[in-house]
Amino acid sequence: LDGSGCLFGACTCPGSGKTYCNGKCVDIQTDGNNCGKCSTKCGSHLTCQSGSCICLGGKTDCGSQCSDLQTDSNNCGKCGTKCYSSATCQAGKCTCPGIGKTYCNSQCVDLQSDNNNCGSCGKKCGVTGTSCQAGKCICPPGQTICGTKCVNLTNDCNNCGSCGNKCSGNCMTECCCYNGVPKCCGGWGAA
């Protein structure tokens, strides 16, 4: 019935271009249960074509489904790469909606104002007192970064007039920084 026969003690499918598999003659180039060879079954989302289990329409086999890696937000650019937040997959990259948003570490952020992604993904404003403005970590007006914090060079005793310039001397009580110049304060002047 299926064109099989016995030749030299083996079941064959003479003249049909088919292969004898599991009791019947099949075309291993197109048979989804015998794709490329007997008993090689294509997943339910795949098609047997030229002896290989493939996705149709240029899609990629991502395990249990065929995906368009250019537009699938669950398989963006490669299988398993998911676009989170409000991002969508465009041209194989997770893309944020709206102007000025960038996809960083599974979030849509504004690189011009995000303290954890300032100017580029992952660049944190780590100096105490700084904030991200126009893509740069800066101190509030009137302050300068000295070491690990923002300071006011006009009145900071450890950074008086410039970073690292400490007020010291022989003042009776204490040394102060006044308009960026070390001065003796609250006492009688230098001893």
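The questions and answers below go through a predicted model of one protein chain and ask what stands behind the words used for its parts.

Q: How many helices and strands does the protein chain have, and what share of its residues counts as buried?
A: The protein chain has zero helices and 18 strands, and of its 191 residues 27% count as buried. Its accessible surface comes to about 11,800 Å², of which 50% belongs to carbon and sulfur atoms. Residues 24 or more positions apart account for 2% of the contacts with a separation of 6 or more.

Q: What makes Cys-21 and Cys-38 a disulfide?
A: The sulfur atoms of Cys-21 and Cys-38 are 1.9 Å apart, and a disulfide is a pair of cysteine sulfur atoms within 2.5 Å, so the pair meets the rule. Cys-21 lies in strand S3 (residues 19-21) and Cys-38 in the loop between S4 and S5, so that the pair, 17 residues apart, links distant parts of the chain. With -75 degrees about the S-S bond, this link is left-handed. By the rule of 2.5 Å, the count for the model comes to 14 disulfides.

Q: Why is Cys-21 called buried, whereas Cys-38 is called partly exposed?
A: Cys-21 has a relative accessible area of 1%, and buried means under 20%, so Cys-21 is buried. Cys-38 stands at 33% relative accessibility, which lies between the limits of 20% and 50%, and therefore Cys-38 counts as partly exposed.

Q: Where is Tyr-20 found, and why is it called partly exposed?
A: Tyr-20 is found in strand S3, and its relative accessible area is 29%; because partly exposed covers the values between 20% and 50%, Tyr-20 belongs in that class. Tyr-20 and Cys-38 are 18 residues apart in sequence and 8.0 Å apart in space, C-alpha to C-alpha.

Q: How do you know that Cys-62 and Cys-79 are joined by a disulfide, and why is the disulfide called left-handed?
A: From S to S the distance between Cys-62 and Cys-79 is 2.0 Å, which is within the 2.5 Å of the definition, and the torsion about their S-S bond is about -80 degrees, so the disulfide is left-handed. The two cysteines are 17 residues apart, with Cys-62 in the loop between strand S7 (60-61) and strand S8 (66-67) and Cys-79 in the loop between S8 and strand S9 (88-90). Cys-62 counts as buried because its 16% relative accessibility is under 20%, while Cys-79, at 36%, is partly exposed.

Q: What makes Cys-83 and Cys-94 a disulfide, and are these residues buried or exposed?
A: The S to S distance of Cys-83 and Cys-94 is 2.1 Å, and since the definition asks for sulfur atoms within 2.5 Å, a disulfide joins the two. Cys-83 is in the loop between S8 and S9 and Cys-94 in strand S10 (residues 93-95), 11 residues apart. The torsion about the S-S bond is about -90 degrees, so this disulfide is left-handed. With values of 6% for Cys-83 and 16% for Cys-94, both are under 20% and therefore buried.

Q: Which residues make up the largest nonpolar core?
A: The largest nonpolar core has eight residues in all, including Cys-83, Cys-94, Ala-87 and Tyr-103. Apart from this core lies another, of five residues, among them Cys-35, Cys-42, Leu-46 and Cys-55. Leaving aside neighbours within four places in sequence, Ala-87 is in contact with residues including Ser-73, Cys-94, Pro-97 and Tyr-103.

Q: How do you know that Asp-31 has no salt bridge?
A: The nearest side chain of opposite charge, Lys-24, is 5.4 Å away from Asp-31, and because a salt bridge needs a distance within 4 Å, buried Asp-31 has no salt bridge. Asp-31 is found in the loop between strand S4 (24-26) and strand S5 (47-49), and it touches Val-26 and Cys-48, not counting residues up to four places away in sequence.

Q: Why are Ala-91 and Ala-134 called exposed?
A: Exposed means over 50% relative accessible area, and since Ala-91 stands at 62% and Ala-134 at 63%, both count as exposed. Ala-91 is placed in the loop between S9 and S10, and Ala-134 in the loop between strand S13 (131-133) and strand S14 (136-138). Ala-91 has a positive phi of about 55 degrees although it is not a glycine, and Ala-134 likewise has a positive phi of about 55 degrees.

Conventions. Residues are numbered from 1 along each chain as its sequence is written. This is a predicted model: local features need pLDDT of at least 70, side-chain atom pairs count only at pLDDT 80 or more; totals for chains, interfaces and linings use all residues. Side-chain values use heavy atoms; hydrogens and water are left out. Helices (H or I, at least four residues) and strands (E, at least two) are DSSP runs, numbered from the N terminus. Buried means under 20% relative accessible area, exposed over 50%, partly exposed in between (1.4 Å probe, protein chains only). Contact means heavy atoms within 4.5 Å. Accessible areas come from the Shrake-Rupley method with a 1.4 Å probe; for residues, only the protein chains shown count as cover. Lys and Arg count as positive and Asp and Glu as negative; His and the chain ends are not counted. A nonpolar core is a set of buried Ala, Val, Leu, Ile, Met, Phe, Trp, Tyr and Cys residues joined through side-chain atoms within 4.5 Å.
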